[in-house]
Amino acid sequence: MARGINKVILVGNLGNDPDVKYTQGGSAITTISVATTEAWKDKQTGQQQERTEWHRVKFFGRLAEIAGEYLKKGRQVYIEGSLRTDKYTGKDGVERYTTDIIANEMQMLGGGGEGGSRGGGGDFQRGGGGDYQRGPRESSGGPARQAPAAAPAAAQFDDGGFSDDDIPF
């Protein structure tokens with residue numbers, strides 16, 4: 001049995017353009033802010049209520065490069081990852097904590113955000129050896145490390161030789 005599960009799933013909108021930085025070794029680190037909004041009707045007043053939560057999401061390696069290139073402010077995105085809390089000492093000497101979501105899968109949803117196209121999204125996830133590749137829903141048609149083309153066209157559907165007559169209902 002597993003010791004525990006640390007899994008986060010978010011669907012929200014980017015609050016700003018991605019912030020891409022590189023380590024001395026050349027690895028990309030991209031940080032984004034994702035807003036998730038919850039709406040409900042107040043039982044006592046009958047008025048519609050809304051609360052927006054902001055999440056800091058970090059990407060590493062190839063997924064960071066993809067996120068930095070294709071994500072834009074306002075874009076809707078699906079993120080899977082895990083929580084990581086770090087402790088640090090502020091300039092005033094007080095210990096503080098910060099919690100980030102470390103993304104290991106990203107799916108671009110809906111429209112392209114500000115100034116972007118309204119095409120479909122792309123599915124990116126961690127492959128073997130820490131490489132990131134397109135997921136099973138959309139194939140790039142090339143090596144796993146190949147960068148996707150801008151606004152990919154609809155994938156060709158392979159029906160595997162089945163016809164409607166093969167469906168039992």
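Colleague: Is Thr30 buried or exposed?
Modeller: Keep in mind that this is a predicted model. Thr30 lies in strand β3. Its relative accessibility is 0%. The cut-off for burial is under 20%, so Thr30 counts as buried.

Colleague: Which residue offers the backbone oxygen that the side chain of Thr30 reaches?
Modeller: Start with what surrounds Thr30. Thr30 touches Pro18, Asp19, Val20, Val57, Lys58, Phe59, Ala64, Glu65, Ala67 and Gly68, leaving out residues up to four places away in sequence. One of these is reached by the Thr30 side chain at 2.7 Å, through its backbone oxygen. That residue is Ala64.

Colleague: What pattern does the chain follow along the sequence?
Modeller: Count the elements. The chain has 1 helix and 8 strands. Read along the sequence, they give β-β-β-β-α-β-β-β-β.

Colleague: How many residues does the largest nonpolar core have?
Modeller: Nonpolar side chains tend to be buried together in soluble globular proteins. Here, the residues with the most contacts inside the largest core are Ile32, Val57, Phe59, Leu71, Val77, Ile79 and Met106. The size of this core is 20 residues.

Colleague: Which element gives the largest share of this core?
Modeller: Look at the contributors of two or more residues: β1, β3 (28–41), β4 (48–60), α1 (61–70), β5 and β6 (95–109). The largest share is 5 residues. Those come from α1.

Colleague: Which residues does Ile32 touch, not counting residues up to four places away in sequence?
Modeller: Ile32 is among the residues with the most contacts inside the largest nonpolar core. Its full set of touching residues, with that exclusion, is Leu14, Asn16, Pro18, His55, Arg56, Val57, Phe59, Leu71 and Ile79.

Colleague: Which residue in β6 stands opposite Val77?
Modeller: Val77 belongs to β5, where it stands opposite Gly12. β1 and β5 run antiparallel, joined by 6 bridges. β5 also pairs with β6 in the antiparallel sense, over 14 bridges. In β6, the residue opposite Val77 is Met108.

Colleague: Which residue takes a positive phi in the hairpin of β5 and β6?
Modeller: This hairpin has 5 residues between the strands. The phi in question is near 85°. The residue is Gly93.

Colleague: How many residues apart in sequence are the parts tied together by Lys7 and Glu80?
Modeller: The side chains of Lys7 and Glu80 meet in a salt bridge, 3.0 Å from N to O. Lys7 lies in the segment before β1 (8–14), while Glu80 lies in strand β5 (residues 76–89), so the pair ties together parts that are apart in sequence by 73 residues.

Colleague: How many salt bridges does the structure hold?
Modeller: Take some examples. Glu95 pairs with Lys87, with the closest N and O atoms 3.5 Å apart, and Asp92 pairs with Arg96 at 2.9 Å. Arg56, Lys58 and Asp100 are linked in a network of salt bridges. The total for the structure is 8.

Colleague: What is the relative accessible area of Glu95?
Modeller: Compare some residues that form salt bridges. Glu80 is buried, at 13%. Arg96 is partly exposed, at 33%. Glu95 is also partly exposed, and its relative accessible area is 47%.

Colleague: What separates the C-alpha atoms of Tyr97 and Thr85?
Modeller: Tyr97 lies in strand β6. It counts as exposed, at 54% relative accessibility. Beyond its neighbours within four places in sequence, Tyr97 is in contact with Thr85, Asp86, Lys87 and Tyr88. Tyr97 and Thr85 are 12 residues apart along the chain, and their C-alpha atoms are separated by 6.6 Å.

Colleague: How many Å apart in space are Ser27 and Phe60, C-alpha to C-alpha?
Modeller: Ser27 lies in the loop between β2 (19–22) and β3, and it counts as partly exposed at 39%. Leaving aside neighbours within four places in sequence, Ser27 is in contact with Lys21 and Tyr22. Ser27 and Phe60 are 33 residues apart in sequence. In space, C-alpha to C-alpha, they are apart by 7.4 Å.

Colleague: Of the residues of the chain, what percentage count as buried?
Modeller: The chain exposes about 11500 Å², and carbon and sulfur atoms supply 47% of that area. The chain has 169 residues. The buried portion of them is 29%.

Notes:
Residues numbered from 1 in each chain as written. Predicted model: local features only at pLDDT ≥ 70, side-chain atom pairs only at ≥ 80, totals over all residues. Heavy atoms only, no water. Salt bridge = Lys/Arg side-chain N within 4 Å of Asp/Glu carboxyl O. Helix = DSSP H or I, 4+ residues; strand = E, 2+ residues; numbered from the N terminus. Buried < 20%, exposed > 50% of the residue type's maximum accessible area, 1.4 Å probe, protein only. Core = buried A, V, L, I, M, F, W, Y, C linked by side-chain atoms within 4.5 Å. Contact = heavy atoms within 4.5 Å. Pairing = 2+ DSSP bridges. Polar contact = N/O pair within 3.5 Å; in protein donor to acceptor, adjacent residues only side chain to side chain. Areas by Shrake-Rupley, 256 points an atom, 1.4 Å probe, with all protein chains shown as cover.
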